[in-house]
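Here are some notes for a first reading of this entry. They go from the relation between the chains to the sheets and the core.

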Number of protein chains: 2
Amino acid sequence: MQVIESVLEMQRWADQQRGHGRRIGFVPTMGYLHRGHLSLVEIARSRADSVVVSIFVNPLQFGANEDFQRYPRDLEGDRCKLESVAVDALFLPRSDEFYPPGFQTQVEVERVTRGLCGVSRPTHFRGVTTVVAKLFLAVKPHVAVFGLKDFQQLVTIRRMVRDLNFDVEIVPAPIVREPDGLAMSSRNAYLSPEERHAARGIFEALTRAHAAFAAGERAAQRLRDVAADHLSAAPLTRIDYVEVVDAETLEPVQTVERPAVVAVAAFVGSTRLIDNCLLDPAGVAQPATQQPIAVSHFEQCVTEGNG
Amino acid sequence: MQVIESVLEMQRWADQQRGHGRRIGFVPTMGYLHRGHLSLVEIARSRADSVVVSIFVNPLQFGANEDFQRYPRDLEGDRCKLESVAVDALFLPRSDEFYPPGFQTQVEVERVTRGLCGVSRPTHFRGVTTVVAKLFLAVKPHVAVFGLKDFQQLVTIRRMVRDLNFDVEIVPAPIVREPDGLAMSSRNAYLSPEERHAARGIFEALTRAHAAFAAGERAAQRLRDVAADHLSAAPLTRIDYVEVVDAETLEPVQTVERPAVVAVAAFVGSTRLIDNCLLDPAGVAQPATQQPIAVSHFEQCVTEGNG
């Protein structure tokens, strides 16, 4: 696995791959990798010849009072995991090269970033789109994989790609869950044992809303309330939002007549977690607790209690 | 000359050129081509194997009360001119593909766009950077050429390229002038004969400021006043701004100790024209009325009084 730290070196590596007719698959991450990330790598591999993973805890997407400083980091464990799944190149941008003195350019997607997480994190998505644009221009991927857990992020990136003519196919990846349904997230590492137990309430709430939908309920407010009522009763949990929104525009809907998502953000203790579930009138598949793909040597890399 | 109207076709053409190891040179324009544009094409050719010119009158960079509707257009004349200088591909984006319903992404360079033209045209540069990002992602150039007449635009594009990791070399092109010094611009076509005569005052003003600089004057305010006083006395002319700013940050300077520009925007009649002149303490070359490169068959294409 090649480890690349400079933008220029990354671009020359990408040019070389492209020159040899190899398709580049890309998985951008903030590190502290778990099996959710692994599934993104597997999808990238299935659609490309060379896989690049980036690890960059992007200061631009954290608000002033958020967890940038304490965001979990484990570069040695991450390298081991990525070696174990035969990633071709690990891109580790240096913060001083990505945001040098005089940096002053932002990429902003306007409407789809206003609601949901955009309410409590008003500069978050601008930070995400700016860094993803920079990463795409450094890595030059043919295809990039983003997890469905961060649903608003996925919609935002897709909109940016379409609006700016990025020649990159965006592939959504199913949410990978723990056995009790909790969506995998690096931030789960913040949870105490009691909080970890309480956090299962998020998936339970989504499952109940989905069951009501599968039983024929189409009124968004009632679907929302099914989830919110369950979550309100969960211990240690405080709702940030529960909303039913159009799956493409992210605008609130009254009645679910085309694909929508029920989206949740909740604090469990002081940890903010998000999750969501598709409500598709065309087919009401159950939101399974998807088991991760066979993980081979991946588990041997766990170095700091991170799974 | 290949004429390309869709983004996808443009990208595949670019991929093909790159696949054959050909370097792509790019000249983005709004059409109504003059010899200034031709000089950009010649510079692109000298640095690349294939030259792409785009013509797109970009609605996003015009303010509500500006001249988008009446901006001069002459596609047939432009095609003829580009054929005559053997451009390889003409990219003609369709407005409905570039800005489809739901379009909502902006690229914004913050500080260097605030002053100078940014004061009277507050959304102009955001429109420029957004469309240039889109054009770069469609054309995939190795090198792109921008004229020094639009100095703030050049600085802004350079900043965007550096900040977002665009793998494109930005080459500045000297200002091409009419025999009396007026900088070539498609907007010169708006001028009545009297206004055209008065418009020479802009270059005269810059020449006087430069002469004072060459004679040793380094106080920005005095250099500015030399230009402004001359321009104030010119007939039919109203100053929008005259400023001496740092050539890289575009911040106002007190004393010219490193490269600066004296930048002018003025209305001649109702036509707003811009021009500028470098003040470089390291070498005080005269601002020549640069004659255009040999124009071969180019002149035969003049179809609507456009030279």
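1. A definition comes first: copies are superposed by least squares on the C-alpha atoms of residues with pLDDT of at least 70 in both. The pLDDT enters here because this is a predicted model. By that procedure, chain B can be laid on chain A with an RMSD of 0.0 Å, using a turn of 180° and a shift of 0.0 Å along the axis. Such a turn and shift are the relation of a two-fold axis. In chain B, the C-alpha nearest this axis belongs to B:Val107, at 2.3 Å from it.

2. How many residues does each chain bring to the contact? Chain B gives 22 residues and chain A gives 22 residues. On the side of chain B that touches chain A, at least two residues each come from helix H1 (7-19), strand E5 (105-109), helix H6 (124-139) and helix H7 (151-164) of chain B. The most come from E5(B), with five residues. Sorted by class, that side of chain B has ten nonpolar, five polar and seven charged residues.

3. The copies meet through the same surface, because 100% of the interface residues of chain B are also interface residues in chain A. Strand pairing takes place across this contact: strand E5 (residues 105-109) of chain A and E5(B) run antiparallel and are joined by five bridges. Within this pairing, B:Val109 in E5(B) is the residue opposite A:Thr105.

4. Chain B has an open sheet of six strands in the order E1-E4-E3-E2-E6-E7, with parallel pairing. Which strands stand at the edges? They are strand E1 (2-4) and strand E7 (169-173) of chain B; each has a single partner strand, so one side of each is left without a neighbour in the sheet. From one strand to the next, the twist averages 25°.

5. Inside this sheet, strand E2 (residues 24-29) and strand E6 (residues 143-147) of chain B pair in the parallel sense over two bridges. There, B:Gly25 has B:Val143 in E6(B) opposite. H1(B) packs on the sheet and touches E1, E2, strand E3 (50-55) and strand E4 (89-91) of chain B. The direction of H1(B) makes about 135° with that of E1(B). H1(B) also supplies at least two residues to the side of chain B that touches chain A.

6. A second topic is the antiparallel sheet. This open sheet of chain B has three strands in the order E8-E9-E10. Strand E8 (237-246) and strand E10 (271-279) of chain B are its edge strands, and each pairs on one side only. Direction ignored, neighbouring strands of this sheet are turned by 15° against each other on average.

7. Strand E9 (residues 260-268) of chain B and E10(B) run antiparallel and are joined by nine bridges. One pair of opposite residues is B:Ala265 and, in E10(B), B:Ile274. Helix H10 (residues 220-232) of chain B packs on the sheet and touches E8 and E9 of chain B, with its direction at about 160° to that of E8(B). Helix H9 (residues 200-214) of chain B lies across E8, E9 and E10 of chain B, running at about 20° to E10(B).

8. The last point is the core. In soluble globular proteins, nonpolar side chains tend to be buried together. Here the largest nonpolar core has 176 residues, and A:Val264 and B:Val264 have the most contacts inside it. Leaving aside neighbours within four places in sequence, the contacts of A:Val264 include A:Ile202, A:Leu206, A:Leu231 and A:Ile274. Also among them are A:Asp275 and A:Asn276.

Conventions
Residues are numbered from 1 along each chain as its sequence is written. Chains are lettered from A and ligands numbered from 1 in the order in which they are written. This is a predicted model: local features need pLDDT of at least 70, side-chain atom pairs count only at pLDDT 80 or more; totals for chains, interfaces and linings use all residues. A nonpolar core is a set of buried Ala, Val, Leu, Ile, Met, Phe, Trp, Tyr and Cys residues joined through C-beta atoms within 7 Å. A residue is buried if 20 or more other C-beta atoms lie within 10 Å of its own, exposed if 12 or fewer, and partly exposed in between; C-beta atoms are placed from the backbone. Two residues are in contact if their C-beta atoms, placed from the backbone, lie within 7 Å. Helices (H or I, at least four residues) and strands (E, at least two) are DSSP runs, numbered from the N terminus. Ala, Val, Leu, Ile, Met, Phe, Trp, Tyr, Cys and Pro count as nonpolar, Asp, Glu, Lys and Arg as charged, and the others, Gly among them, as polar. Two strands pair if DSSP finds at least two bridges between them. Axes are lines fitted to C-alpha atoms, for helices over the stretch in contact, and angles run from 0 to 180 degrees between N-to-C directions.
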